[in-house]
Amino acid sequence: MKGTIFLQDLKITCIVGIFPKERELKQNLFLDIEVDYDFAKAAETEKVDYTLDYAALGNLVENFVMERKFQLIETASEEICQLIFKNWPQVSRAKVKIKKPGAVPQASYAAVEVERMN
């Protein structure tokens with residue numbers, strides 16, 4: 001039974017951007033993450049050992065983004081997909097959308113979205 005786990009608006013306060021000021025001051029990013037995998041055994045047994053722990057996913061991604069201090073959210077989205085596949089090989093699809101508020105003053109946010117298959 002294939003299903004999807006969603007994390008919506010995962011807030012990460014980090015260094016991100018290409019401009020000198022962005023390399024000094026932390027900004028907020030908001031991530032939407034989707035992962036597909038077969039969670040039949042988890043549903044059958046109700047054991048977290050057979051599912052993807054979404055709290056662990058959120059913590060892993062947050063720590064990764066904070067540590068890497070990306071210049072481009074395009075790079076961050078690609079590398080987050082690879083990080084997910086590396087840590088959860090059972091994931092068949094990962095979709096990551098990164099929203100950067102304040103990037104364009106006239107817009108609520110600028111964003112990139114990637115979807116990758118494993």
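Contact means that heavy atoms lie within 4.5 Å of each other. The exercises below use this term throughout.

The structure is a predicted model, in which local features need pLDDT of at least 70 and side-chain atom pairs count only at pLDDT 80 or more, while totals for chains, interfaces and linings use all residues. Residues are numbered from 1 along each chain as its sequence is written, and side-chain values use heavy atoms, with hydrogens and water left out.

**Exercise 1. The chain as a whole**

Task: Determine which elements the protein chain contains and in what order they run, and state what share of its contacts joins residues 24 or more positions apart.

Solution.
Step 1. Helices (H or I, at least four residues) and strands (E, at least two) are DSSP runs, numbered from the N terminus. The protein chain has 3 helices and 4 strands.
Step 2. Read from the N terminus, the order is β-β-α-α-α-β-β.
Step 3. Among contacts with a separation of 6 or more, 59% are between residues 24 or more positions apart.
Step 4. The C-alpha atoms fill a box of roughly 50 × 25 × 20 Å along the principal axes.

**Exercise 2. Surface and charge**

Task: Establish what percentage of the 118 residues is buried, and how the charged side chains are divided.

Solution.
Step 1. A residue is buried under 20% relative accessible area, exposed over 50%, and partly exposed in between (1.4 Å probe, protein chains only). By this rule, 40% of the 118 residues count as buried.
Step 2. Accessible areas come from the Shrake-Rupley method with a 1.4 Å probe, and for residues only the protein chains shown count as cover. The surface of the protein chain comes to about 7000 Å², and 51% of this belongs to carbon and sulfur atoms.
Step 3. Lys and Arg count as positive and Asp and Glu as negative, whereas His and the chain ends are not counted. The place of a charge is NZ of Lys, CZ of Arg, CG of Asp or CD of Glu. There are 16 positive and 18 negative side chains, and the centres of the two sets lie 5 Å apart.

**Exercise 3. Two neighbours in strand 2**

Task: For Tyr 37, decide whether the residue is buried or exposed; then do likewise for Asp 38.

Solution.
Step 1. Tyr 37 is found in strand 2, and Asp 38 belongs to strand 2 (residues 27–38).
Step 2. Tyr 37 has a relative accessible area of 2% and is therefore buried. Asp 38 reaches 48% and so counts as partly exposed.
Step 3. Leaving aside neighbours within four places in sequence, Tyr 37 is in contact with several residues, including Met 1, Ile 5, Leu 52 and Val 91. Asp 38, not counting residues up to four places away, touches Met 1 and Lys 2.

**Exercise 4. Asp 9 and Glu 46**

Task: Identify where Asp 9 and Glu 46 are placed, and describe the phi of Asp 9 and of Glu 46.

Solution.
Step 1. Asp 9 is in strand 1 (residues 2–14), while Glu 46 is in the loop between helix 1 (40–45) and helix 2 (54–68).
Step 2. Phi of Asp 9 is positive, near 55°. Glu 46, also not a glycine, has a positive phi of about 55°. Most residues other than glycine have a negative phi.
Step 3. Asp 9 is partly exposed because its relative accessibility is 44%; Glu 46 is exposed because its value is 74%.
Step 4. Asp 9 and Lys 99 are 90 residues apart in sequence, yet their C-alpha atoms are 8.5 Å apart in space. Lys 99 is one of the residues that Asp 9 touches.

**Exercise 5. Phe 64**

Task: Find which residues Phe 64 contacts, leaving aside its neighbours within four places in sequence.

Solution.
Step 1. Phe 64 is found in helix 2.
Step 2. Its relative accessibility is 19%, so Phe 64 counts as buried.
Step 3. Beyond those neighbours, Phe 64 is in contact with Phe 70, Glu 79, Ile 80 and Leu 83.
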